[in-house]
Amino acid sequence: MIRGFFSRDYEPVASVEPGGSVRFSVPNARWHWDHGVGDRPEGAGHPLYGPVEVRGARAGQTLVVRFDEVTPRMWGATYAHGDEFLWELDGGTWRMGAHAVQSRPFLGVVGMPPPEAGEHSTIPPRRWGGNIDCKLLTAGSTLYLPVPVDGALLMAGDGHGAQGDGEVSGTAIECPLERAVLTLDVRDDLDLRMPVARTSDAWLAFGFDEDLDVAADLARETMLDLMERELGVVRREALALASVTVDLHVTQIVNQAKGVHAILRA
């Protein structure tokens with residue numbers, strides 16, 4: 001089932017044991033499967049698959065989301081100042097007229113509902129994930145999210161064929177996903193102030209806030225937490241190391257709560 005909100009009150013559409021996988025397809029951010037075909041329900045945000053219950057998951061634990069496969073359909077669109085720019089997928093390249101960019105598909109929205117009752121917007125990223133829009137979370141990467149509600153109730157969607165840091169027009173290559181495969185697990189040994197992620201060559205730490213400075217502070221502090229734990233160093237040493245090895249990137253500036261991700265290359 002596809003929904004346009006987060007809510008702890010939704011019945012799960014799937015239930016998996018820790019270590020289990022889910023497979024799904026979703027339309028693009030405008031609820032289109034084929035170009036121009038599909039209608040967004042009134043008031044709805046991104047079309048998300050879910051919620052998926054992870055059996056035995058409890059609030060306060062950490063959900064582990066491994067991106068096994070993200071396969072886009074053959075078209076996508078970017079929007080700027082009300083204009084639509086269409087892309088076609090040609091092998092590993094997106095083409096728009098004379099322009100070509102490498103295909104690096106990922107899920108823009110991966111997260112769980114706030115613990116409060118009711119329906120919640122899919123637009124801002126939160127501590128529990130959501131509209132993170134990080135271009136590094138491609139297939140093979142793993143995202144770690146604090147669990148806000150029992151069962152986790154993960155929802156995911158918003159296919160992006162490629163995106164620049166910042167997502168400055170407010171959209172990426174917004175593409176339907178032919179297939180996405182996620183493997184879900186639970187950990188008890190992580191206490192996260194904000195989400196973190198692992199790619200093939202780096203650790204990421206995220207910060208989200210309406211104030212970009214606060215988002216950067218949260219990303220830095222989350223990275224220092226991570227460095228203390230992974231490197232076995234005290235915080236002042238972690239800060240010194242971070243100052244010469246960690247890069248801060250603006251994830252996006254367009255989703256109400258802005259995003260910053262700190263990158264520590266392995």
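Begin by selecting Ile253 in this predicted model. Ile253 is partly exposed, with a relative accessible area of 39%. Its position is the loop that joins strand E18 (246-252) to strand E19 (258-265). Next, extend the selection to Val168, Leu212, Val250 and Val254: together with Ile253, these residues make a nonpolar surface patch of about 370 Å². Ile253 is eligible for such a patch because its relative accessible area of 39% is over the 30% that membership requires.

Move now to Arg126, in strand E11 (residues 125-126). Is this residue buried or exposed? Arg126 is buried, and it has no salt bridge. The nearest side chain of opposite charge belongs to Glu116, 7.2 Å away; a salt bridge would require the atoms to be within 4 Å. What the side chain of Arg126 does reach is the backbone oxygen of Ser121, at 2.9 Å. To display the surroundings, select Phe6, Pro114, His120, Ser121, Pro195 and Phe208, which Arg126 touches when residues up to four places away in sequence are not counted.

The remaining stops concern salt bridges, of which the structure holds 16.

Select Asp68 and Arg66 for one of them: their side chains meet with an N to O distance of 2.5 Å. Asp68 counts as partly exposed at 31% relative accessibility, and Arg66 is likewise partly exposed, with a relative accessible area of 39%.

Continue to Arg179 and Glu69, which form a salt bridge whose closest N and O atoms are 3.0 Å apart. This pair links distant parts of the chain: Arg179 is in strand E15 (residues 177-187) and Glu69 in strand E5 (residues 62-72), 110 residues apart. Arg179 is partly exposed, with a relative accessible area of 39%; Glu69 is partly exposed as well, at 21%.

For the final stop, select helix H1 (residues 212-231), where Arg220 and Asp217 lie three residues apart, about one turn of the helix. Their side chains meet in a salt bridge of 3.3 Å, N to O. Both residues are partly exposed: the relative accessible area is 34% for Arg220 and 35% for Asp217. Which residues share a network of salt bridges with this pair? Add Arg193, Glu221, Asp225, Glu228 and Arg235 to the selection, and the linked network that includes Asp217 and Arg220 is on display.

Technical notes: Residues are numbered from 1 along each chain as its sequence is written. This is a predicted model: local features need pLDDT of at least 70, side-chain atom pairs count only at pLDDT 80 or more; totals for chains, interfaces and linings use all residues. Side-chain values use heavy atoms; hydrogens and water are left out. Patches are made of residues with over 30% relative accessible area and no salt bridge: like charges are joined within 9 Å, nonpolar side chains (Val, Leu, Ile, Met, Phe, Trp, Tyr) within 5 Å. Accessible areas come from the Shrake-Rupley method with a 1.4 Å probe; for residues, only the protein chains shown count as cover. Helices (H or I, at least four residues) and strands (E, at least two) are DSSP runs, numbered from the N terminus. Buried means under 20% relative accessible area, exposed over 50%, partly exposed in between (1.4 Å probe, protein chains only). Lys and Arg count as positive and Asp and Glu as negative; His and the chain ends are not counted. A polar contact is a pair of N or O atoms within 3.5 Å; within protein, one must be able to donate a hydrogen and the other to accept it, and residues adjacent in sequence count only if both atoms are side-chain atoms. Contact means heavy atoms within 4.5 Å.
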